[in-house]
Amino acid sequence: MTAFASVANRFGLQLTFVLFLSVVVVTLFAALLTAPQRDEVGEFYLGSRTMSPLRNGLAMCGDYLSAATLLGSTGLVALTGYDGLLSLGGTTVAWMAVLSVVAEPLHNAGRFTLGDTLALRLPRAQRPVRLALALCTLAVTTLYLVAQLIGGVALLTQFVGEPNQATRTLCVVVIGTIVVVYAALGGMPGATFIQVVKAVMLVSGVAITAAIVLAHFHWSVAALLSAAERGSGLGHRFLEPGLRYGAGTTSKLDFFSLELALVLGLAALPHVAMRLLAPRSNRVLRTSTVWTTVLVGFVCLAAGVVGLGATAVLGREAIVKIDPKGDAAVLLLAQSLGGGVFTALVSCLAFVTLLAVAVGLTLAAATSLAHDLYGEVIRRGGATQAEELGVARVSAAVIGILAMLLALLPWEISTATLAFLAFAIAASALLPALVYGLFWRRFTAWGALLGLYGGLICSVLLVLFSPVVSSQPTSVYPHADFAWFPLQNPGIVSIPAGFLLGWLGSVLSGRQEGGSYEDFEVRTLIGSGRNGAP
């Protein structure tokens, strides 16, 4: 048993279990009530397109902010201070990039998936392009989904200590099964309900926790920062650059690589792209994205306060002793400030957070496999809507099982690190194809395929031969050393490589695709051919 488990009283544990069970029952019942009643792919993939901008914004916020933000990023702040705060800043800036660059063109040109957008842009080669997109989507969503399941194990660890293999397996299987049921039966309407509820709970929860932290220090930010310095045991270094990123050239490059992946990867995350396609008009989309940016910024600000509060109240050594990755920081803080009841509430919030994001990821992957791979590549557009929906539900189960198996591997890295790697792969493989497809007249199918496969292979290879997998105590294989790539995040190399390969393939092919780019450009600007006014 850990020190945390020894001080958690029995009432708190029982309350946590009751809250977990209540959340699962209530949200599952609501998801079934809001589930599509007809075999229509549009309703299953995108849900209701009549939601208000605020509800859309809450759903986007709920789809994006994951357990990596609540647990992982808060833990980074608690352990690394200034450098952890910088990583939260990149999360907010990313939404500004989405709002200003890709949101409206993607909304106007898309239908259900990124594959629909590129198929419209490259009609002659849509089958191989859709296949490549489906594989890249599966890689990104599976890795991100594994991060959520590992976050669920981290929640369990805080109450029962380091779980044995049987307990860990049970936890992963139960959470994974719940996610599959939500995605397969509820579709986008059910996922939207969960994500809106999660966003409201998350914004309220982090705001209350941050307020309790500030009240503990008499509403003095200066007092909080001073206490965090003392609690870190590192003095002024805790609030200066370089504790995690900046000790040398390698760590500075690693930080730049991470921020680059965060800012650029968001626009290409498959579950975020589906959210951008859902609003009925550009006006609703713009307002929804502004709401999302404000909400995400507020949550990140409050998470920074909570992370600093954990260091100030508990001390950095106490956090590291219980969880070297830092994922437990927010739960340990809740136990210290509010006892078992407050810990139960924060744990329930973390559970809802990872559950909502996991449902969105599973649905995005299932949609890509059913619509792009099965409906358009295998059946060449001849599948009925009922048939495609059946494949989507089976795909959700397959993806869930795959993620469960991967989550049971002996990962020793934090949920935030896994999430950041998913961002890097999205920015390296999916983003070049999306940007070139929307904005470059000379973009060709060869450029799309070379950019997609090249970006995916480059980013995955760099991760495999990085400190994430070997050479460090927190690596997947800590006792092996084949990390010839020195950075933990490959974005600084793999993102330019993806764009370069997309450009190179287009230039070398020298063949313009069928269809008029002018017609496509008009559609990206005014939304011609979509339901709803721009």
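Q: What makes the lining of the second largest cavity nonpolar, polar or charged, by class?
A: In this predicted model, the lining has seven nonpolar, four polar and no charged residues. Tyr64, Ala68, Tyr144, Leu262, Ala419, Phe420 and Phe423 are among the lining residues, and Ala, Leu, Phe and Tyr count as nonpolar. Ser66, Thr69, Ser73 and Thr91 also line this cavity; Ser and Thr are not listed as nonpolar or charged, so they count as polar.

Q: Which elements give two or more residues to the lining of the second largest cavity?
A: These elements are α5 (67-80) and α18. The space they help to line amounts to about 90 Å³.

Q: How do you know that Tyr64 belongs to the lining of the second largest cavity?
A: Tyr64 is listed among the residues that line this cavity. A lining residue must have an atom within 4 Å of a point of the cavity, so Tyr64 meets that cut-off.

Q: How many cavities of 30 Å³ or more does the structure hold, and what is the volume of the largest?
A: There are six cavities of 30 Å³ or more, and the largest has a volume of about 110 Å³. Eleven residues line the largest cavity, and those closest to its centre are Arg244, Tyr245, Thr417, Phe420 and Gln488.

Q: Which element gives the most to the lining of the largest cavity?
A: Helix α18 gives the most, with four residues. Both α12 (249-265) and α18 (415-439) supply at least two residues each. By class, this lining has six nonpolar, three polar and two charged residues.

Q: Why is α19 called roughly antiparallel to α20?
A: Helix α19 (residues 445-464) and helix α20 (residues 491-509) pack at an angle of about 155°, with their axes 7 Å apart. Angles over 145 degrees count as roughly antiparallel, and therefore α19 is roughly antiparallel to α20. Their crossing is right-handed.

Q: What is the make-up, by class, of the contact of α19 with α20?
A: This contact has seven nonpolar, eleven polar and no charged residues. Among the residues that make the contact are Gly447, Gly451, Gly454 and Gly455 of α19 and Gly498, Gly502 and Gly505 of α20. Gly counts as polar, so these glycines belong to the polar class.

Q: Which residues of α6 and α12 meet?
A: Leu86, Ser87, Gly90, Thr91, Val93, Ala94 and Ala97 in α6 meet Phe255, Leu258, Glu259, Leu262 and Val263 in α12. By class, the contact has eight nonpolar, three polar and one charged residues. Glu counts as charged, so Glu259 belongs to the charged class. The crossing of α6 and α12 is right-handed.

Definitions and conventions. Residues numbered from 1 in each chain as written. Predicted model: local features only at pLDDT ≥ 70, side-chain atom pairs only at ≥ 80, totals over all residues. Heavy atoms only, no water. 1 Å grid on protein atoms, 1.4 Å probe; cavity = no way out; pocket = protein on both sides within 12 Å on 5 of 7 lines; lining within 4 Å. Points joined across faces, edges and corners; volume = space filled by probe spheres on them. Left-handed = near helix turned anticlockwise from the far one by under 90°. Contact = heavy atoms within 4.5 Å. Axes fitted to C-alpha atoms, helices over the stretch in contact; angles between N-to-C directions. Parallel < 35°, antiparallel > 145°, perpendicular 65-115°, else oblique.
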